[in-house]
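Hi,

Here is the structure I said I would pass on. Have a look at it first, and my notes follow underneath.

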Amino acid sequence: MKKQFLTVTLLFCITIGYTQITEKVTLNDSIIAYLKKTIQDKQLPGINFSIIDNRGKIKNYSEGFSDIEEQIPLTIEHSFFSGSIGKTYAATLVFKLVESGNIDLKKSYMDYFPDTEWLTNLPNIDDITVEMLLQHSSGLPRYVLKPEIWNQLHENPDKIWSYEERLSVIFEDEPVHEAGKGWAYSDTNYILLGMLIEKVTGQNYYDLVRTQILKPQHLTHTYPSLQRKITNLAVGYSRMPPAFHVPNKTVDGKLYFMNPQVEWTGGGMASTTEDLARWAKLYYEGALLNKSSLNYITTPNPNGTRVEGSSSYGMGSFIYETAHGEAYGHTGFMPGFNSIFIYYPKYGIAAAMQINCDYAVGVLNLNDFMDDLISISQISK
């Protein structure tokens, strides 16, 4: 750890304030100090942080406010939209179907949908395999960046979106690159995977998440994002450009400003930060999948090496170079919320951090911030 960082940590050993954790701490707890200082320096509303060590011991920290105007403290019981981290639930279900022989990674996606005519309007679709969707190597554009989506969300915030309505905005678009010959992160890939899960199983995606993941793993504070009212949702703050029609305060009267159902298998989940950290440990330690599947998830795909700075991408996961060795994880964005979860295999540590604003990524490197928190946690043992 850098000497300067240690000095800052010691200088800001201040009172607990609104910080809540699951076990007793002293007033000079350095994680509390660092969270409080970050909130003050970066002008953030609040941060929740959870860490699970290699023995399964959990520590939860909460600092700042859920609602700044009403001076409502943020607590460890608050839930947050976790954005694209939700892709890990979809990836898990796909790999479970691969393991059972119901899905073939190398098979053409359209082989599963020979009679779905509207899919033929998508760029590259005849050349895309299931594997490419998991890898983000399909070349499909991001439907969520289209202004038509945000205009409709603004005009009809309760709208329930169909498969086709989401993806029709990229019909006949040029591909980002040839199928299988590049890398471009796209939520569109995981919408198609959600369709595949439902087609192969004949079941509703969220029913499968509940019965195969949430219930057996006791993730009781993780919720499908199917409606504007989410259990104990923190108030989220936004600074998105005006073209997106997102209010500064994205939760009003316990209602989110739009129906998050539009996100579906591109994210589509909300949870407490503790549940998110617990999910990271389950996901990356292979609690639901075999070693072959876990290897696909945590090994850079042929087009996925160093795709975002030093970060690589496997299938349903980023592979990070960190101060604590190679780590696996994912970040998430929803208007009003930023999230990250990471697993550090060298130490068997899983951690998650969530912030109830979407502009944190503009003032804070989430990966570096998590590295710092892990460093403090190790020193504070």
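One convention before the sheets: two strands count as paired if DSSP finds at least two bridges between them. Also keep in mind that this is a predicted model.

Let me start with the three-stranded sheet. The sheet is open, with strand order 4-8-5 and antiparallel pairing. Its edge strands are strand 4 (80–81) and strand 5 (222–224), each of which pairs on one side only. Strand 4 is joined to strand 8 (residues 269–271) by two bridges, in the antiparallel sense. If you want a spot to click on, Phe81 has Ala270 of strand 8 as its bridge partner.

Then there is a sheet of eight strands, also open and antiparallel in its pairing, with the order 3-2-1-13-12-11-10-9. Strand 3 (72–73) and strand 9 (312–313) sit at its edges with a single partner strand each, so one side of each has no neighbour in the sheet. Further in, strand 10 and strand 11 are antiparallel partners over five bridges, and Thr322 stands opposite Gly325 of strand 11.

What packs on these strands? Helix 9 (residues 273–284) packs on the sheet, where it touches strand 1, strand 2, strand 11, strand 12 and strand 13 (349–355). The direction of helix 9 makes about 40° with that of strand 12. Helix 2 (residues 30–42) lies across strand 1 (46–52) and strand 2 (58–67), and runs at about 25° to strand 2.

There is a helix pair to look at as well. Helix 3 (residues 87–99) packs against helix 8 (residues 205–214) at an angle of about 80°, and their axes are 11 Å apart. Angles of 65 to 115 degrees count as roughly perpendicular, so helix 3 is roughly perpendicular to helix 8. Helix 3 makes the contact with Tyr89, Ala90, Thr92, Leu93 and Lys96, while helix 8 brings Tyr205, Leu208, Val209, Gln212, Ile213 and Leu214. By class, the residues of this contact are eight nonpolar, two polar and one charged.

Last, the largest pocket, which holds about 910 Å³ of space. Its lining has 38 residues, and those nearest the centre are Ser84, Arg142, Thr331, Gly332 and Phe333. Which elements give two or more residues to that lining? They are helix 5 (147–155), strand 10 (318–322), strand 11 (325–334), strand 12 (337–344) and helix 12 (366–379). Strand 11 gives the most, with five residues. The lining splits into 20 nonpolar, 11 polar and seven charged residues.

Cheers

Methods. Residues are numbered from 1 along each chain as its sequence is written. This is a predicted model: local features need pLDDT of at least 70, side-chain atom pairs count only at pLDDT 80 or more; totals for chains, interfaces and linings use all residues. Side-chain values use heavy atoms; hydrogens and water are left out. On a 1 Å grid over the protein atoms alone, a cavity is a set of points where a 1.4 Å probe fits but cannot get out, and a pocket is an open set with protein on both sides within 12 Å along at least five of seven lines; lining residues have an atom within 4 Å of a point. Grid points are joined across faces, edges and corners, and a volume is the space filled by probe spheres set on the points. Helices (H or I, at least four residues) and strands (E, at least two) are DSSP runs, numbered from the N terminus. Ala, Val, Leu, Ile, Met, Phe, Trp, Tyr, Cys and Pro count as nonpolar, Asp, Glu, Lys and Arg as charged, and the others, Gly among them, as polar. Axes are lines fitted to C-alpha atoms, for helices over the stretch in contact, and angles run from 0 to 180 degrees between N-to-C directions. Angles under 35 degrees count as roughly parallel, over 145 as roughly antiparallel, 65 to 115 as roughly perpendicular and the rest as oblique. Contact means heavy atoms within 4.5 Å.
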